[in-house]
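Reader: I'd like to go through the labels on this one and hear the reasoning behind each. Can you take me through it?

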Amino acid sequence: MVRKIGVLTSGGDAPGMNSAIRAVTRIALNNGVEVVGVHNGYKGLLEGTFEAMDRHSVSDIQDRGGTKLGSARLPEFREEAIQNECIKNMKREGIEALVVIGGDGSYRGALALTQKGINCIGLPGTIDNDIPGTDFTIGFDTALRTCVENVDKLRDTSSSHHRCSLVEVMGNRCGDLALYTAIACGAEMVISPETGYNELETLERLRYLSDAVRKNHALVIISEKICDVNALAKKVSLNTNFSGRATVLGHIQRGGTPTATDRMLASRMGEKAVDLLMEGIGGHCVGIIDNEITSMPIDEALGRPKKSRKHLYRLFDRLV
Ligand code: F6P
């Protein structure tokens with residue numbers, strides 16, 4: 001039976017990570033398992049920045065965005081020498097197993113440690129919703145709320161001025177934030193890695209919306225890393241009857257008090273992670289599939305194809 005576990009958050013922070021830390025800590029302690037918080041992701045394993053957690057360490061954190069433990073990206077963690085150093089530090093601290101809350105890069109680290117004898121469980125924590133093996137990630141719902149709140153505001157001003165708002169949202173090569181925002185806000189267009197991007201077709205479509213459909217405004221939701229939204233806004237002003245304005249929502253999407261949905265998801269996933277470690281299972285990741293909490297080997301999850309959103313793109317098209 002495992003006696004002491006660690007918990008860390010890694011990669012870009014996501015609202016709801018605190019609920020996951022709280023669930024892991026409280027449920028482990030209530031089962032007689034000691035808990036160590038690792039600061040700043042894998043970097044904390046390397047630097048040995050550990051914090052003994054008691055039940056009060058995770059009081060009053062569920063309503064806070066970000067992560068109480070801090071997060072970081074550590075690409076060097078791919079190197080075996082670095083992994084070995086981390087394992088030495090964990091052994092010195094008595095940490096026998098670990099819960100890793102983060103994205104797919106963090107999962108790969110968790111798998112590497114498991115293969116070296118430290119059981120790890122991955123929880124999907126990212127606003128991007130781009131992790132295989134789960135329908136939803138911790139943080140996606142809160143980021144979506146932020147996108148929707150802001151795009152609703154842009155609609156007000158766009159329709160007053162016969163403007164086209166081009167709104168860039170995050171997603172790291174996954175179009176879910178853009179697609180869900182576009183449906184929820186009744187946008188006119190969505191441009192994402194799944195739709196692809198063609199500048200001429202985009203301008204043609206906007207001319208049609210302005211001149212034939214006689215729309216007063218247009219909202220175009222665009223996933224990051226696809227095009228330069230500022231340059232596109234200028235082209236919209238030059239080539240259509242809309243005046244184009246670009247908004248990059250940026251890192252506000254990563255902050256804010258987590259929604260109840262994210263807090264629930266994180267709590268349920270945290271519970272599953274502790275249960276798996278107490279059963280002696282490592283190298284798995286936790287997911288939610290059809291509203292059931294599930295787990296599967298990390299390598300199986302990482303090998304799965306990207307979730308299909310065809311039905312939602314079809315819905316978007318039928319709503320325009
Ligand atoms: O993975 C979360 C995310 O916010 C992505 O959507 C985005 O591409 C990236 O992180 C930004 O990273 P950083 O905060 O390091 O600039």
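Reader: What makes aspartate 290 count as exposed or buried?

Author: The relative accessible area of aspartate 290 is 66%. Buried means under 20%, exposed over 50% and partly exposed in between, with a 1.4 Å probe and protein chains only, so at 66% aspartate 290 is exposed. One caveat up front: this is a predicted model, where local features need pLDDT of at least 70 and side-chain atom pairs count only at pLDDT 80 or more, while totals for chains, interfaces and linings use all residues. Residues are numbered from 1 along each chain as its sequence is written, and side-chain values use heavy atoms, with hydrogens and water left out.

Reader: Where is aspartate 290, and what is its phi?

Author: Aspartate 290 is in the loop between strand S10 (284–289) and strand S11 (292–297); helices (H or I, at least four residues) and strands (E, at least two) are DSSP runs, numbered from the N terminus. Its phi is near 50°, which is positive although the residue is not a glycine. Most residues other than glycine have a negative phi.

Reader: Which label does lysine 225 get for accessibility, and why?

Author: Lysine 225 has a relative accessible area of 48%, so it is called partly exposed. Lysine 225 also has a positive phi, about 70°, without being a glycine. You'll find lysine 225 in the loop between strand S8 (218–223) and helix H8 (229–239).

Reader: Why is lysine 225 listed around the ligand?

Author: A residue is near a molecule if one of its heavy atoms lies within 4 Å of it. Lysine 225 is on that list, along with others including Asp128, Glu224 and Arg254.

Reader: What are the distances from ligand oxygens to arginine 73, glycine 171 and histidine 251, and what makes them polar contacts?

Author: A polar contact is a pair of N or O atoms within 3.5 Å; within protein, one must be able to donate a hydrogen and the other to accept it, and residues adjacent in sequence count only if both atoms are side-chain atoms. A ligand oxygen is 2.9 Å from a side-chain N or O of histidine 251, and one is 3.0 Å from a side-chain N or O of arginine 73. For glycine 171 the partner is a polar backbone atom, at 3.4 Å. Taken alone the ligand exposes 390 Å², and the protein buries 72% of that.

Reader: How do you know that lysine 43 and glutamate 47 form a salt bridge?

Author: A salt bridge is a side-chain nitrogen of Lys or Arg within 4 Å of a carboxyl oxygen of Asp or Glu. The closest N and O atoms of lysine 43 and glutamate 47 are 3.9 Å apart, so the pair qualifies. Both lie in helix H2 (residues 42–47), 4 residues apart, about one turn of the helix. Lysine 43 is partly exposed, at 34%.

Reader: How far apart are the N and O atoms of arginine 254 and aspartate 13?

Author: Their closest N and O atoms are 2.7 Å apart, which makes the pair a salt bridge. This pair links distant parts of the chain, 241 residues apart: arginine 254 is in the loop between strand S9 (243–248) and helix H9 (260–278), and aspartate 13 in the loop between strand S1 (4–9) and helix H1 (17–30). Aspartate 13 has 23% relative accessibility, so it counts as partly exposed.

Reader: What makes asparagine 18 buried?

Author: Its relative accessibility is 1%, so asparagine 18 counts as buried. Asparagine 18 is in helix H1, and its side chain reaches the backbone oxygen of glycine 65 at 3.5 Å.

Note on methods. Areas by Shrake-Rupley, 256 points an atom, 1.4 Å probe, with all protein chains shown as cover.
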